[in-house]
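Welcome! Let's take a friendly walk through a protein model and look at a few of its side chains.

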Amino acid sequence: MNEENQFQQNINSEDPFIKSLYSDLNERINAYEQEDAVKIDKMKWKDATGSIFLMILIISYLVYTLF
């Protein structure tokens, strides 16, 4: 509860710099909370195939050069 009071005090601050920072932060938080597209997709195998293939090539080259 103390954090909410501190946040509100900073929004109502006399210092224009602090007031603008906290007002902007409050607007961004509200926009983020109201956004419906905050959906995170899980990574699929096809997203990682290029990286996996490149790692296999590098590991194969290193093993080949060591032996």
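Let's begin with F7, which counts as partly exposed at 22% relative accessibility. Keep in mind that this is a predicted model. Which residue forms an aromatic pair with F7? The count comes to one aromatic pair, and its members are F7 and Y22. Their rings meet edge-to-face, with 5.5 Å centre to centre and 75 degrees between the planes. F7 lies in helix α1 (residues 2–11) and Y22 in helix α2, so the pair ties together parts that are 15 residues apart in sequence. Like its partner, Y22 is partly exposed, at 27%.

Now for charges. Side chains of opposite charge can pair when their charged atoms come close. This structure holds one salt bridge, in which the side chains of D24 and R28 meet at 3.0 Å, N to O. Both residues sit in helix α2 (residues 16–34), and because they are four residues apart there, about one helical turn separates them.

Here is how accessible some of these residues are:

| Residue | Relative accessibility | Class |
|---|---|---|
| F7 | 22% | partly exposed |
| Y22 | 27% | partly exposed |
| D24 | 33% | partly exposed |
| R28 | 57% | exposed |
| Y61 | 54% | exposed |

The last row takes us to helix α3 (residues 45–66), where Y61 is found. What does Y61 help to make on the surface? Together with F53, L54, L57, I58 and L62, Y61 makes a nonpolar surface patch of about 640 Å². Y61 itself is exposed, because its relative accessible area of 54% is over 50%.

Terms used:
Residues numbered from 1 in each chain as written. Predicted model: local features only at pLDDT ≥ 70, side-chain atom pairs only at ≥ 80, totals over all residues. Heavy atoms only, no water. Patch = residues over 30% accessible without salt bridge, like charges linked within 9 Å, V, L, I, M, F, W, Y side chains within 5 Å. Areas by Shrake-Rupley, 256 points an atom, 1.4 Å probe, with all protein chains shown as cover. Salt bridge = Lys/Arg side-chain N within 4 Å of Asp/Glu carboxyl O. Helix = DSSP H or I, 4+ residues; strand = E, 2+ residues; numbered from the N terminus. Buried < 20%, exposed > 50% of the residue type's maximum accessible area, 1.4 Å probe, protein only. Phe/Tyr/Trp six-rings, centres within 6.5 Å; stacked < 30°, edge-to-face > 60°.
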